[in-house]
Amino acid sequence: AALRRTLSQLAPGRRTKIGSIAVTSMGESGVPLDAHGEPTFDVIAWFDTRSERQADALADRFGRETLFAASGLSLQPIWSLCKLLWLRDHEPHAFTRTVRWLNVADYIAYRLSGVHATDYSLASRTHALLIRERRWNEALLLELGLRTDLFAPLVESGTRLGLITPEAARETGLPPSTIVAAGGHDHVCGALAAGVIEPGTILNSIGTAEALFLPLLQPIADPALGEQGYTQGAHVVPNRYYAFGGQYTSGAAIDWMRSIIGSSVPYADLIAEASATPPGSLGVCFLPHLRMAAPPRDDPHPGGAFIGLSTDAKRGTLVRALFEGLAFESRASLDPLLWHAGLSRPAEIVAIGGVTRNDLLMQIKASILDRPITVAGVEEATTLGAAILGGLGAGIYSDIPTALRTRDHPATQVMPNPDESSLYETIYQRVYRHIYPALLALKHENLAIQAETS
């Protein structure tokens with residue numbers, strides 16, 4: 001239905017010129033299908049942690065370090081494998097009819113082409129992929145009593161899956177000659193569009209969640225990376241991998257704040273009030289762990305907090321403190337990631353995503369990171385990345401370097417403010433990086449009380 005709405009905005013003449021489609025989506029959510037290709041259960045949101053017990057059971061049975069060595073992922077309840085185990089434990093009627101799990105992007109591609117396939121970047125978010133061998137972990141699936149063909153055949157991103165089916169062509173209005181190609185994980189497709197392919201360059205993809213994306217030639221083997229909650233996977237570019245830092249509530253934290261103080265207040269007004277607040281937000285600091293803690297903490301429990309509140313803190317104070325908290329959290333996640341990769345500083349930080357339109361937040365982030373940030377002038381970078389992959393599948397591009405040479409979009413560089421950088425460095429070292437450990441014991445007690453009373 002969404003595809004039909006999008007295509008309806010195109011004139012029929014332009015619609016007939018579409019040569020290919022590739023789909024990008026979030027990475028952890030999937031559609032369980034029966035033998036007839038029909039869903040057996042609803043899609044579970046990527047950030048849903050209902051499968052925490054299943055993740056803990058995997059850790060007890062196999063060991064977190066062993067699972068990290070195989071998958072490149074720190075063990076978290078959001079992965080597809082944990083969702084499947086939850087489905088088996090809580091919805092056995094749906095699970096017994098399930099013969100295939102397709103990621104959301106793969107499911108849409110299947111509805112368009114009739115082909116089951118998943119690319120390596122999406123397979124990386126299942127916790128069932130042997131990351132170095134680039135094949136499904138059949139031994140793990142057998143040990144868990146799961147079908148070894150539960151996950152779809154693996155293909156490179158940009159692989160031609162086939163022509164659109166006659167039914168899908170009728171439903172969408174796409175020409176019968178449209179080629180469907182394998183897409184990829186949203187942040188990874190965004191990295192492709194931004195040209196973030198080589199090690200040393202950082203992509204800061206800022207949407208509902210935030211990714212700090214570092215390309216790698218090989219996955220990092222150090223188990224400490226997994227212990228700190230970082231994740232790794234296959235790039236949509238052949239022979240490239242990546243490591244992820246970031247946070248689970250970035251744009252989501254801004255939306256949360258606006259929902260509390262009044263959703264009718266325009267964002268521009270909130271940003272203006274925050275701009276009028278001095279750097280440091282009058283001593284107010286915000287820890288943005290509204291869903292889960294972020295790397296380098298492997299902690300699946302929410303625990304956001306404001307500290308330093310006073311009657312002097314007005315609406316703009318809280319909004320600026322939230323912006324600063326998001327930027328401090330990016331710094332806290334980026335520094336260890338660079339260290340694990342053997343880098344002292346990134347060669348370049350490229351930012352994409354809707355939140356980059358927030359000029360104040362980007363200025364604060366550049367000052368807290370004390371590095372220039374290049375904001376790519378691409379309205380929908382993840383979609384552009386998927387389009388490039390579609391072009392590969394249709395033979396429009398011979399390879400990725402050729403496709404990237406066709407890019408022509410402006411970029412804006414945001415420079416750090418030296419005076420603000422000095423102040424923020426002091427706040428980070430003396431206050432922010434101590435907030436999480438100082439509150440951790442209280443968070444655990446509060447979670448225990450909630451468990452006892454639920």
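## A salt bridge between E198 and R240

R240 is buried, with a relative accessible area of 16%. This description rests on a predicted model. The side chain of R240 meets that of E198 in a salt bridge, with an N to O distance of 3.1 Å. E198 lies in the loop between α11 (186-193) and β10 (201-206), and R240 in the loop between β12 (231-234) and β13 (241-247). The pair links distant parts of the chain, 42 residues apart. Unlike R240, which is buried, E198 is partly exposed, at a relative accessible area of 42%.

## Other charged pairs

A search of the whole structure finds 16 salt bridges. Side chains of opposite charge can pair when their charged atoms come close. One of the pairs is R315 with E273, whose side chains meet at 2.5 Å, N to O. R315 belongs to helix α15 and E273 to helix α14 (residues 267-275), so this salt bridge ties together parts that are 42 residues apart in sequence. R315 is partly exposed, with a relative accessible area of 32%, and E273 is partly exposed as well, at 28%.

Helix α15 also holds a salt bridge within itself, between D335 and R331. The closest N and O atoms of D335 and R331 are 2.6 Å apart. Because the two residues are 4 apart in helix α15, about one helical turn separates them. D335 is partly exposed, with a relative accessible area of 27%, whereas R331 is buried, at 10%. Elsewhere, salt bridges that share partners join D56, R64 and D298 into one network.

## Nonpolar cores

In soluble globular proteins, nonpolar side chains tend to be buried together. The largest nonpolar core in this model has 78 residues. The residues with the most contacts inside this core are L58, L81, L146, F151, L322, F323 and I373. Helix α15 (residues 315-340) gives the most to the core, with 10 residues.

What does L322 touch, not counting residues up to four places away in sequence? The list is A253, I254, W256, M257 and F286. Apart from the largest core lies another, of 28 residues, which includes L192, F213, V236 and I388.

## Helix α3 and its two faces

The buried residues of α3 are Q54, A55, L58 and A59. Seen down the helix axis, they fall within an arc of 145 degrees, so they line one face of α3. L58 is also one of the residues with the most contacts inside the largest core. The cover over the buried residues of α3 includes α4 (64-71) and α5 (80-90).

The face turned away from this buried side carries the exposed residues R53 and D60. Just after α3, G63 takes a positive phi of about 90 degrees.

## S51 and the cysteines

S51 is found in the loop between β2 (30-33) and α3 (52-62). Is S51 buried or exposed? S51 has a relative accessible area of 1%; buried means under 20%, so this residue is buried. Leaving aside neighbours within four places in sequence, S51 is in contact with P77, C82, K83 and W86.

C82, one of those contacts, is buried too, with a relative accessible area of 0%. C285 also counts as buried, at 7% relative accessibility. The structure holds 0 disulfides.

## Strand β11 and its partners

Strand β11 (residues 210-216) is mostly covered, as 7 of its 7 residues are buried. In a regular strand the side chains alternate between the two faces of the sheet. For β11, both faces are covered: E210, L212, L214 and L216 are buried on one side, and A211, F213 and P215 on the other. F213 is also among the residues of the 28-residue core.

β11 pairs with β10 in the antiparallel sense over 4 bridges. The two strands form a hairpin with 3 residues between them, and I206 stands opposite E210 in β11. β11 also runs antiparallel to β13, to which 7 bridges join it. Which residue of β13 is the bridge partner of E210? That partner is Q247.

Methods:
Residues are numbered from 1 along each chain as its sequence is written. This is a predicted model: local features need pLDDT of at least 70, side-chain atom pairs count only at pLDDT 80 or more; totals for chains, interfaces and linings use all residues. Side-chain values use heavy atoms; hydrogens and water are left out. Buried means under 20% relative accessible area, exposed over 50%, partly exposed in between (1.4 Å probe, protein chains only). Contact means heavy atoms within 4.5 Å. A nonpolar core is a set of buried Ala, Val, Leu, Ile, Met, Phe, Trp, Tyr and Cys residues joined through side-chain atoms within 4.5 Å. The arc is that of the directions from the helix axis to the C-beta atoms. A disulfide is a pair of cysteine sulfur atoms within 2.5 Å. A salt bridge is a side-chain nitrogen of Lys or Arg within 4 Å of a carboxyl oxygen of Asp or Glu. Two strands pair if DSSP finds at least two bridges between them.
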